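The following exercises ask the reader to describe a protein model step by step. Please examine the sequence and the structure before reading each solution.

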Amino acid sequence: MKHIVILMTCLFLGTVSSHAMSYEQAREQALFLADKMAYELNLTEDQYEACYEINLDYLMGIGSQDDIYSDCWTRRNLDLSYVLLDWQYQLFLEATYFYRPIFWSDGFWHFAIYSRYPTRNYFYFGRPAFWSSYRGGHSWKHNGGKSWYSGHPIANKGAGVSNRGSAGSTGMRDKFNQGSYGRGQTINSNSHSGRSGTNGQSSTRLTAGKKESGTSRPSGGTSTSRT
């Protein structure tokens, strides 16, 4: 009975076995997390791309459960504070599934984001254009123990983004609600069909593809660097 309970918990929360995640596993989890952050925090596409990189760098820095809240977690939060607006960062801190996205239990990595978004193959937005090439070029490790994002103008570019939305807002949630990203999509972990905006053009700097008009939203709302 205990094994059944553990199995059901793993399926609900989303888990990865073994201590160190592979690059592919970390990349999938980082994308799912960044996708949901983009919607809830109304990120701009620049912010979304940065959040994907930062989440991936964090997950790739975890080798054991002792690393979850170590320097790599502190550095992740600092990086995010540099690219998010004040109100976005405050919402990030208040959302435990964003702020503390992973924990280790019963021999598995557990991802808290799946308790809020259990449909693991649903995505609001497309993959960053550098999805297949980014491997930590903007991480602290590759930048002499310093944040690449400190002083970066990414957050300033989002100054016009509103939490509640407004006419002409550049926030990704606003654009999604206006139909610019279709209605999201369901994809397998190792495939991607993408989607395009209502005008048939691919979203800026995101992978192009088809508009998914029949996909419903999930409950709760899954060494080269980018330059």
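Helices (H or I, at least four residues) and strands (E, at least two) are DSSP runs, numbered from the N terminus. Residues are numbered from 1 along each chain as its sequence is written, and side-chain values use heavy atoms, with hydrogens and water left out. The model is predicted: local features need pLDDT of at least 70, side-chain atom pairs count only at pLDDT 80 or more, and totals for chains, interfaces and linings use all residues.

**Exercise 1. The whole chain**

State how many helices and strands the protein chain has, and what share of its residues is buried.

Solution. Step 1: the secondary structure consists of nine helices and five strands. Step 2: in sequence order, these elements give the pattern α-β-α-α-α-α-α-β-β-α-β-α-α-β. Step 3: a residue is buried under 20% relative accessible area, exposed over 50%, and partly exposed in between (1.4 Å probe, protein chains only). By this rule, 48% of the 227 residues in the protein chain are buried. Step 4: the accessible surface of the chain (Shrake-Rupley method, 1.4 Å probe; for residues, only the protein chains shown count as cover) is about 10500 Å², and 49% of this surface belongs to carbon and sulfur atoms.

**Exercise 2. Two helices and their lengths**

Compare the end-to-end reach of helix H2 with its expected value, and do the same for helix H3.

Solution. Step 1: the expected span of a helix is 1.5 Å times one less than its number of residues. Step 2: H2, residues 23-40, has 18 residues; its first and last C-alpha atoms are 26 Å apart, close to the expected 26 Å. Step 3: H3 has 16 residues and should span 22 Å; its end C-alpha atoms are 23 Å apart, which agrees. Step 4: burial can be added for each helix. In H2, 15 of the 18 residues are buried, and the helix is mostly covered. In H3, 15 of the 16 residues are buried, so this helix is largely enclosed by the rest of the structure.

**Exercise 3. The packing of H3 and H4**

Determine how the axes of helix H3 and helix H4 are arranged, and which residues meet.

Solution. Step 1: two packed helices are described by the angle between their axes and the distance between the axes. Step 2: axes are lines fitted to C-alpha atoms, for helices over the stretch in contact, and angles run from 0 to 180 degrees between N-to-C directions. Step 3: the axes of H3 (residues 45-60) and H4 (residues 71-83) come within 9 Å and cross at roughly 175°. Step 4: angles under 35 degrees count as roughly parallel, over 145 as roughly antiparallel, 65 to 115 as roughly perpendicular and the rest as oblique. H3 and H4 are therefore roughly antiparallel to each other. Step 5: contact means heavy atoms within 4.5 Å. Gln47, Ala50, Cys51, Ile54, Asn55 and Tyr58 in H3 meet Cys72, Trp73, Arg76, Asp79, Leu80 and Val83 in H4.

**Exercise 4. Individual residues in H3 and H4**

Are Leu80 and Asn55 buried or exposed, and which residues do Leu80 and Asn55 contact?

Solution. Step 1: Leu80 belongs to helix H4 and is buried, because its relative accessibility is 0%. Step 2: apart from neighbours within four places in sequence, Leu80 contacts Met37, Cys51, Ile54, Tyr89 and Phe92. The C-alpha atoms of Leu80 and Cys51 are 6.9 Å apart, although 29 residues separate the two along the chain. Step 3: Asn55 lies in H3 and is likewise buried, with a relative accessible area of 0%. Its contacts, without residues up to four places away in sequence, are Ala30, Leu33, Ala34, Met37 and Arg76. Step 4: Ser81, also placed in H4, is partly exposed, because its relative accessible area is 28%.

**Exercise 5. Cysteines and a positive phi**

State how many disulfides the structure holds, and describe the phi of Asn42.

Solution. Step 1: a disulfide is a pair of cysteine sulfur atoms within 2.5 Å, and the structure holds zero disulfides. Cys51 is buried at 0% relative accessibility, and Cys72 is buried at 18%. Step 2: most residues other than glycine have a negative phi. Step 3: Asn42 is not a glycine, yet its phi is positive, about 55°. Asn42 is placed in the loop between H2 and H3 and is buried at 0% relative accessibility. Step 4: Asp106, in the loop between strand S2 (102-105) and strand S3 (108-111), also has a positive phi of about 55° without being a glycine.
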